[in-house]
Amino acid sequence: MLRYGVKVKADTGEQTQTVWLIDWKHPENNQFGLAEEVTVKGTHDKRPDLVLYVNGIALGILELKRSTISITEGIRQHLDNQKVEFIERFFAPLQLLLAGNDTEGVRYGTIGTPEKYYLRWKEPSPIENLLDRHLTQLCSKARFLELVHDFIVFDAGVKKTPRHNQYFGVKASQEHIRRHMGGIVWHTQGSGKSLTMVWLAKWIRENMRDARVLIITDRTELDEQIEKVFLGVDENIYRSKSGADLIEQLNSAENWLICSLIHKFVSRDATDVEGFIAELKKALPADFSPKGNLIVFVDECHRTQSGELNKAMKAILPNAIFIGFTGTPLLKTDKKKSIEVFGDYIHVYKFDEAVKDKVVLDLRYEARDIDQALTSPERIDQWFASKTKGLTDIALLQLKKKWGTLQKIFSSKSRLEKIVADILMDMYNKPRLMDGRGNAMLVSGSIYQACKFYELFAQTELNGKCAIVTSYKPSTADIKGEETGEGFTERLRQYDIYRKMLSDWFRVPPEEAMGRVEEFELAVNKQFIESPGQMKLLIVVDKLLTGFDAPPATYLYIDKAMRDHGLFQAICRVNRLDGEDKEYGYIIDYKDLFHSLETAMTDYTQGALDGYDREDVQGLLGDRLSKAREDLEERREAVKALCEPVAPPQGSLEHLHYFCGDGAAAEDKETLQAKSPLRMALYKATSALIRAYTAIANELEEAGYTPEQQNKIKAEVRHFEGIRNEVRLASGDYIDLKVYEPAMRHLIDTYIRAEESRKISEFDDYDLVDLLASRGYQAVKDSLPEWIAQQEESMAETIENNVRKLITDESPVNPKYYEKMSELLETLIQNRREQVLTYQQYLEEITQLAGQVKDPQRGGTYPKSLITTAQRALYDNLDQNEEKAVALDGAIRAVKKDDWRGNKFKEREVKREIKRYLEDPEDVERVFTLVKEQRGDY
């Protein structure tokens, strides 16, 4: 009625007319009134402090408190007054409920908003008084009516108002759309991105002629979530069933709101996107023409498919506006392509802002280490030799490459058992876990490890209270060809474990249960959210690490190498608000991810595109593609040069003779061995060619290749890939790793022992945002580029280089002291390179060293008479002459005048005193420069 007017007939037989109770388009045409202490009759009468009327209709209510009384008292008055025992009916037309005082400003909500969800407004203003500032911002006539008309919705029956970031994100997007421009809305995880889409979509529908909105996601769970959100606000959204169905919907004007998976545009496994688009265009109806003014929302737009997605969508929706939504910033690796796809940022709301606004919880971090050792190196070598007899050196190299990794070592049964014991201990000792009000997630490094974790937990008290949720769906196709007669492969083991889990849950035979994975996941996810005491642990790999909101989730155990978007999104699973007893989300790290975590946090609290000007952005596409083309050409030439000596006509047989040996020689082990470096060069060159081609395959035309050149390149890649495979088979370098998998798994599980976990970080009393922003380590590191997180050695060197820079910056204060600090630093670097320092020692020593760099008084030994920084600096630079340093310090203090620096007459007096203690003019100038740097003392 308020929003859409009242339908009336002046008389029988006349047409229905709309009577608008409020003129929403012209705020100045309405009558605004403010009434103080209005007496409202009810079961028990009440007198609200201030009621805001528009055309005689009460739309807002304000409870004011003295500056010494918390505004929570006003919020509680609102909540009391809404009860049937008081004046419930008076609240029927009310839209904004406010409570405020001079010291805290205003918090606002709407009907039914619980106290903890009353919001604070944040917007720049010259008004100092918080109460006046907030009231001016929220209750100006135009803003007040806009909030009521455009920004209040019922979400699954719950009335909601916008946070400030949602409001300004929508407003900024509206301006872009009016100018027919796309862009990116980056609102951090948990800050209400889905409702931001809802408010923007509603505005588009009401303010654009023939408006239609298409929402694209890249994961089924996100597609389902979007559908659920829009249905929850009474907006019918059509969820496309297939690519053909989507094309049909776009070609029809029937549905204004559609959601679809990215794979309806680009098939899940498509690599030849150009071919796919050509095929798609052929399949389009002859009369295909997307109906209406299309605005495309792309959820989680930071993902790497954005380039393919853009190309496919632009091919069939050339006139659409694309708005990307993301809970993460654009990192350097995908920044350029994202700019090409969407444009610059429209609006940004970062993680640290959300923590300060109490929109999400801060996080606490704990690093744990599980030491491992070999029980018998001799037995390992003996077992390996007995199981690999007759393999070529290259085949052995492939086997070692697969199994000689940290990932495999970390997957040993002994280590997994220690992590399980660790988590079980926490279940009985950690807040919220032991009382069943909270639960946990365990991020595993692989589906196989997730299954092994589950198998171990199923033998404990958590049996029936934990579950695996991954992308895996057991199918007979998965185990086809896995049986080698040598024992269980990892695929066979995970197939059996998954089937047993499903069978136990549904209490039906495994053959029947294995087809009910989606039903199982829906059930356990719901139980995890609604009954945390009954579903205490979810074991995941990639699934549920984005778009999964579970307020009870309090602890995240990470046993997977993670970084950038994936790491940040994962840790945000435990930062959602829940009960009063949930003060933080807790990160338990088994993989020494602190550097990666810190880099991720830095990226998520800084802008990723701040350094780009629009004119610079225009050249990005050409720069990136020219480098990719250059790389492809180099790889083509390299593999051609390698195969050039092959005898004509350079067919398969000639290549086999060249890389393996002629005729009988090919059977000779010595010949094969002699040619193994040549074959290894072929394998590497071919792999490099395939990588270079894959990186540019979707953009060959934009890179400047003609259709004939494109076909030639594709043929070359197929040719050399075929040659590589033939040589591998003929030489015996090809190895069926499945055959050796059971034996290698036995080796890992039998001969690697794990110790009990131990805590290696001392960050208990620090909030993660404060920790990363304020500790000495961060002061040194400042902010690492995201690619540094790939290797611990690279991170170490980068941090050490930053300490060097800090030493250089600080050295004018006391150059001699920092010469000694440089010696300490070089020792630390040398120790690091020799792998003497453990991860724990590294964290401790680099933090301690950084503290010494910033505060020299922490390190070094000085005579007791030298108290100030200036005295110690003089002592270090006067050949450690204590008496001379004290005397010169006193003389300088006696003669220096106020504001002496920069005044040549006052400086002359100070220099005259220095000359009394030093004869060499160069020494005088050096010490005078040093004295000028002691701003805290002189």
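In this predicted model, E519 pairs up with R516 in a salt bridge, with the closest N and O atoms 3.0 Å apart. Neither partner is hidden away under the usual cut-offs: E519 is partly exposed at a relative accessible area of 42%, and R516 also counts as partly exposed, at 24%. This pair belongs to a bigger tally, since a search of the whole structure turns up 44 salt bridges.

Some of those charged contacts share residues. E455 is a good case to look at, as its side chain meets that of K452 in a salt bridge of 3.0 Å, N to O. Both residues sit in helix α16 (residues 447-457), 3 residues apart, or about one turn of the helix. That spacing makes sense, because an α-helix has 3.6 residues a turn and residues three or four places apart point the same way. The two ends of the bridge differ in their surroundings: K452 is buried, with a relative accessible area of 12%, whereas E455 comes out as partly exposed at 23%. E455 also takes part in a salt bridge with R493, where the closest N and O atoms are 2.8 Å apart. Here the partner comes from elsewhere in the chain: R493 belongs to helix α18 (residues 490-506) and E455 to helix α16, so the pair ties together parts that are 38 residues apart in sequence. Elsewhere, E366, R368, D422 and D426 are linked in a salt-bridge network.

Turning to the nonpolar interior, the largest core holds 73 residues, and the members that touch the most others are M441, F457, L537, L538, L556 and Y557. What does L538 contact, once its neighbours within four places in sequence are set aside? The list runs to A440, M441, L442, A467, V469, V524, N525, F528, L544 and F548. Another core, of 53 residues, lies apart from this one and has W24, L62, L147 and A172 among its members.

L537 and L538 both belong to strand β22 (residues 537-540), which is covered on both faces: L537 and I539 on one side, and L538 and V540 on the other, are all buried. The arrangement follows a familiar rule, namely that in a regular strand the side chains alternate between the two faces of the sheet. As for its partners, β22 pairs in the parallel sense with strand β20 (residues 439-444) over 4 bridges, and L442 has I539 as its bridge partner in β22. Strand β21 (residues 466-469) also runs parallel to β22 and is joined to it by 4 bridges; in that pairing, C466 stands opposite L537.

A separate piece of strand architecture is an open, mixed sheet of 6 strands in the order β3-β4-β5-β6-β7-β8. β3 (32-36) and β8 (119-120) stand at the edges with a single partner strand each, so one side of each is left without a neighbour in the sheet. Inside the sheet, strand β4 (residues 50-54) and strand β5 (residues 57-64) run antiparallel and pair over 5 bridges, with L50 standing opposite L62 in β5. L62 is also one of the residues of the 53-residue core.

Back on the other side of β22, K560 deserves a closer look. This lysine lies in the loop between β23 (553-559) and α21. Is K560 buried or exposed? It is buried, with a relative accessible area of 13%. Its side chain has polar company: one of its polar atoms lies 3.0 Å from the backbone oxygen of V541, and a polar contact of 2.5 Å joins the side chains of K560 and D542. Not counting residues up to four places away in sequence, K560 touches V443, S444, G445, V541, D542, K591 and L593.

Helix α21 (residues 564-571) includes I571, a residue that is buried at a relative accessible area of 0%. I571 and I588 are 17 residues apart in sequence, and their C-alpha atoms are 9.9 Å apart in space.

Finally, helix α27 (residues 707-731) has 25 residues and reaches 36 Å from its first C-alpha to its last, close to the 36 Å expected at 1.5 Å a residue. Its buried residues are Q710, I713, K714, E716, V717, F720, I723, R724, V727 and S731, a list that mixes nonpolar names with charged ones such as K714, E716 and R724. Just after α27, G732 takes a positive phi of about 85°.

Terms used. Residues are numbered from 1 along each chain as its sequence is written. This is a predicted model: local features need pLDDT of at least 70, side-chain atom pairs count only at pLDDT 80 or more; totals for chains, interfaces and linings use all residues. Side-chain values use heavy atoms; hydrogens and water are left out. Helices (H or I, at least four residues) and strands (E, at least two) are DSSP runs, numbered from the N terminus. The expected span of a helix is 1.5 Å times one less than its number of residues. Buried means under 20% relative accessible area, exposed over 50%, partly exposed in between (1.4 Å probe, protein chains only). A salt bridge is a side-chain nitrogen of Lys or Arg within 4 Å of a carboxyl oxygen of Asp or Glu. A nonpolar core is a set of buried Ala, Val, Leu, Ile, Met, Phe, Trp, Tyr and Cys residues joined through side-chain atoms within 4.5 Å. Contact means heavy atoms within 4.5 Å. Two strands pair if DSSP finds at least two bridges between them. A polar contact is a pair of N or O atoms within 3.5 Å; within protein, one must be able to donate a hydrogen and the other to accept it, and residues adjacent in sequence count only if both atoms are side-chain atoms.
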